[in-house]
Amino acid sequence: MSSIAAVGESYQKFNPRAYLQNNYMPPRADFSSEDCVVPWKLRCLAEAFATGDIHGRTLIDVGSGPTIYQLLSACDHFEEIIATDYLEVNRAVLRRWVQGEPDGFDWSPYIKHVCRIEGKGEQWKEKEQKLRGKLRQILPIDVHQPEPLGSQVCQPADALVSTFCLEAVSPDRPSFERALSNVTTLLKPGGHFLLIGALEESFYLAGEAKLSVVPVSEVDVKEALSKSGYRIHDFRSYLMPPGLKIGVDDVSGVFFVHAQKKSVA
Ligand SMILES: C[S@@+](CC[C@H](N)C(=O)[O-])C[C@H]1O[C@@H](n2cnc3c(N)ncnc32)[C@H](O)[C@@H]1O
Ligand SMILES: O=[N+]([O-])c1ccc2c(c1)CN[C@@H](CO)C2
């Protein structure tokens, strides 16, 4: 079995609820301290969109998983947001959230926090409804395919977001770079890409699943982006404090990149 096929096989055991419990509940989701990793991620995204440089008709989120936090600051700047994931179990979690089904994960602390740091006086229920209204497509994706969205005819998006996907689904660095190149075909020239990921991580747990991760450094990420024809506007790193190393992975830190796909020269 190819190493990429092995990755796909390992994801069959991925448990969304366990994944959310591990990464999106306290201690990693502690909104009382700006030093905590989840507020840091939300601030990076809010500040990137607050520049006003990133806007348009369509934004695609690559490898959404069972989470929506990564779209909260985007939803004011795009008419349509397309979420994507490899697993139906994750796409179903997102569909249930969009439909407002009661038994899902409680994202309200995240929505309240983003409304607070955006400082526009927006009510959290307003932002929740706005995102639900814009999240119109939840599509299957495979970043290892040259056309990651397959036959779904999608005109290139104005922007991409992707959080903790590429390194978590690539068996090695060449595969990581190819996946980035593949997803870049989804983005129009001049389009913006907001990428968040794990630094120097080799595995993470999601219930029964133990997923392999290709360890990447800042330099690796910058090199991959440069090879795929991006200009980097902003690159930030967060060092995972010992108190947030809770055994669910061996992540050393988190990176945030605001990159722009060069227009054809
Ligand atoms: C670590 S999770 C990231 C979830 C979410 N974006 C976040 O910020 O927590 C990685 C996601 O990549 C998805 N995935 C697995 N294989 C993939 C592939 N070949 N192409 C695209 N996504 C894939 C998984 O289903 C999972 O939802
Ligand atoms: O600290 N965090 O907020 C956080 C959130 C999600 C994830 C991590 C850390 C580390 N592992 C990745 C999967 O490779 C998923």
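Biologist: How do the residues of the lining of the largest pocket divide into nonpolar, polar and charged?

Modeller: In this predicted model, the lining of the largest pocket has 25 nonpolar, 9 polar and 7 charged residues. Tyr and Cys count as nonpolar here, so residues such as Y11 and C165 go into that class.

Biologist: Which residues that line the largest pocket are closest to its centre?

Modeller: The pocket itself has a volume of about 620 Å³. Of its 41 lining residues, Y11, F164, C165, A168 and Y204 are closest to the centre.

Biologist: Which element gives the most to the lining of the largest pocket?

Modeller: That is α1, with 4 residues. At least two residues each come from α1 (3–10), α2, α3 and α7 (166–169).

Biologist: How do you know where ligand 1 sits?

Modeller: A molecule is assigned to a pocket if more than half of its atoms lie within 2 Å of the pocket's grid points. Ligand 1 meets that condition for the largest pocket, so it is said to sit there.

Biologist: Which residues around ligand 1 come nearest?

Modeller: There are 22 residues around ligand 1, and Y19, Y24, Y69, D85 and T163 come nearest. By class, this shell holds 12 nonpolar, 8 polar and 2 charged residues.

Biologist: What makes the pair between ligand 1 and the side chain of Y24 a polar contact?

Modeller: The cut-off is 3.5 Å between N or O atoms. An oxygen atom of ligand 1 is 2.6 Å from an N or O atom in the Y24 side chain, and therefore the pair qualifies. The side chain of T163 also has an N or O atom 2.7 Å from an oxygen atom of ligand 1, which is within the limit.

Biologist: Which atom of S64 lies 3.2 Å from a nitrogen atom of ligand 1?

Modeller: It is a backbone N or O atom. A distance of 3.2 Å is within 3.5 Å, so this pair is a polar contact as well.

Biologist: How much of the accessible area of ligand 1 does the protein cover?

Modeller: On its own, ligand 1 has 600 Å² of accessible area, and the protein covers 98% of this.

Biologist: Which residues around ligand 2 come nearest?

Modeller: Of 13 residues around ligand 2, the nearest are V37, K41, E201, M240 and D249. Ligand 2 alone exposes 360 Å², and the protein buries 100% of that area.

Biologist: What makes the pairs of ligand 2 with K41 and E201 polar contacts?

Modeller: An oxygen atom of ligand 2 is 3.2 Å from an N or O atom in the side chain of K41. For the side chain of E201, the distance from an N or O atom to an oxygen atom of ligand 2 is 2.5 Å. Both values are within 3.5 Å, so both pairs are polar contacts.

Biologist: Which space is taken by ligand 2?

Modeller: Ligand 2 takes space in the largest pocket. Two or more residues of its shell come from each of α2 (16–24) and α3 (37–50). The largest share, 3 residues, is from α2. The shell divides into 8 nonpolar, 1 polar and 4 charged residues.

Biologist: How much space lies in the second largest pocket?

Modeller: About 190 Å³. Its lining includes P16, R17, W97 and G104. Both α2 and α4 (88–98) supply at least two lining residues. The lining has 7 nonpolar, 1 polar and 4 charged residues. Gly counts as polar, so G104 belongs to the polar class.

How values were computed. Residues numbered from 1 in each chain as written. Chains lettered and ligands numbered in written order. Predicted model: local features only at pLDDT ≥ 70, side-chain atom pairs only at ≥ 80, totals over all residues. Heavy atoms only, no water. Near = heavy atom within 4 Å. Polar contact = N/O pair within 3.5 Å; in protein donor to acceptor, adjacent residues only side chain to side chain. Areas by Shrake-Rupley, 256 points an atom, 1.4 Å probe, with all protein chains shown as cover. 1 Å grid on protein atoms, 1.4 Å probe; cavity = no way out; pocket = protein on both sides within 12 Å on 5 of 7 lines; lining within 4 Å. Points joined across faces, edges and corners; volume = space filled by probe spheres on them.
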